[in-house]
Amino acid sequence: MAPSSRAVGDLTSPEVTQRLRDTSILCLPMGAIEQHGRHLPLNTDVIVAEELTRRIIARWGEELDLWQLPTVSIGLSREHDWAPGTLSLTIQSFVALLRDMARDIVRALPARNLAIVNGHGGNRGVLENLLHELSGDFGLNTCVIHPFDLSKAESPVTSGDVHGGKSETSVMLVLAPQLVRREMITPARSPPDAEAIAALIFDRGVSFPWRTDDPRLTATGAIGAAHAASPELGQAIVDSVVAETRGVLRRLLENQRALHRPRG
Ligand SMILES: [Zn+2]
């Protein structure tokens, strides 16, 4: 028997049917490979999604029967496609990938709950709509967790903290401090134009295809006050996300009981 691991990939094929039930929750870390300014690595969103998922499962895995799926590491990053290193899927292939995964999850695993832990804001809009198809077409009971918005530690929306800024840098100082290039964090340059950030990104009355090579938004590719980052804030965000996720996943199970009527 696999001992304490709750990664689906660590199980043997017979163990899948012994250990998972229709009420088990599959946790899918979803990231992106994209520029994060001069101080954070391309795989920042992968690390955030994967490490938070690992910690959520370490904390609530037994109570809520959580299982970690292999990470989807490339997402929708066209707003960063000017930068070396950024890898992006088209919306079409992103949706096709997730629909194929949903179909195969239903074929290969007893679990019918899927919680996507989304490390990249650019994946959000499509994921929100896609949930309806994953539910309607495949019978999966789903949710997407957006860690930086779920965290009660501070509000990124009011602080103009968009990308590679204060909260993301703080979290990386906790999850992968060896990958943060602290000497490359420059206080003066961000944000170049707070009004442009408010108008192009945060105006809820209109959507624009904003990009991180727009000099009004950023001089470095990062948007937000990375110089104000700290491991203390990072730890507070990580702890808050892990704590808040329990309530989210209990709501997910409630939805399954109310809407999906699990077998026997
Ligand atoms: Zn990021």
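Two residues are taken to be in contact when heavy atoms of theirs lie within 4.5 Å of each other. With that in mind, a good place to enter this predicted model is His163, a residue of the loop between α6 (156-159) and α7. Leaving aside residues up to four places away in sequence, His163 touches Glu34, Gln35, His36, His80, Glu168, Gly221, Ala222 and Ile223. The side chain of His163 also reaches the backbone oxygen of Gln35, at 2.7 Å. His163 has a relative accessibility of 6% and therefore counts as buried, the limit for that class being under 20%.

Two of the residues touched by His163, namely His36 and Glu168, lead straight to the metal site. The zinc ion takes its protein donors from His36 (NE2), Asp45 (OD) and Glu168 (OE), which lie 1.9 to 2.0 Å from the ion. Along the chain, these donor residues follow the spacing H-x8-D-x122-E. Asp45 belongs to helix α2 (residues 44-64) and Glu168 to helix α7 (residues 166-175), so this pair ties together parts that are 123 residues apart in sequence. Both of these acidic donors are hidden from the surface by the accessibility criterion: Asp45 counts as buried because its relative accessibility is 1%, and Glu168 counts as buried at 8%.

Helix α3 offers a helpful view of how one element packs against its surroundings. This helix runs over residues 91-108, and at 1.5 Å a residue its 18 residues should span 26 Å; the end C-alpha atoms are 25 Å apart, which agrees. The buried residues of α3 are Phe94, Val95, Leu98, Ala102 and Ile105. These residues cover an arc of only 95° around the axis, so they sit on the same side of α3. Among the elements that cover them are β1 (25-30), β3 (113-118) and α4 (124-138). On the face of α3 turned away from its buried side, the exposed residues Gln92 and Arg107 are found.

The link between α3 and α4 also has a charged component. Arg99 and Glu133 meet through their side chains in a salt bridge, with an N to O distance of 2.6 Å. Since Arg99 lies in helix α3 and Glu133 in helix α4, the pair ties together parts that are 34 residues apart in sequence. Glu133 itself counts as partly exposed because its relative accessibility is 36%.

In total, the structure holds 18 salt bridges, and a few others deserve a look. Arg6, Arg21, Glu62 and Asp65 are joined in a network of such bridges. Elsewhere, Asp213 pairs with Arg211, and the closest N and O atoms of this salt bridge are 3.0 Å apart. Both partners count as partly exposed, Asp213 with a relative accessibility of 36% and Arg211 with 28%. A further salt bridge joins the side chains of Asp214 and Arg216 at 2.7 Å, N to O. Here the two partners fall into separate classes: Asp214 has a relative accessible area of 12% and is therefore buried, whereas Arg216, with 46%, is partly exposed.

Methods. Residues are numbered from 1 along each chain as its sequence is written. This is a predicted model: local features need pLDDT of at least 70, side-chain atom pairs count only at pLDDT 80 or more; totals for chains, interfaces and linings use all residues. Side-chain values use heavy atoms; hydrogens and water are left out. Helices (H or I, at least four residues) and strands (E, at least two) are DSSP runs, numbered from the N terminus. The expected span of a helix is 1.5 Å times one less than its number of residues. Buried means under 20% relative accessible area, exposed over 50%, partly exposed in between (1.4 Å probe, protein chains only). The arc is that of the directions from the helix axis to the C-beta atoms. A salt bridge is a side-chain nitrogen of Lys or Arg within 4 Å of a carboxyl oxygen of Asp or Glu. Donors are N, O and S atoms within 2.8 Å of the metal (3.2 Å for Na, K and Ca); water is not among the atoms, so sites may look incomplete. A polar contact is a pair of N or O atoms within 3.5 Å; within protein, one must be able to donate a hydrogen and the other to accept it, and residues adjacent in sequence count only if both atoms are side-chain atoms.
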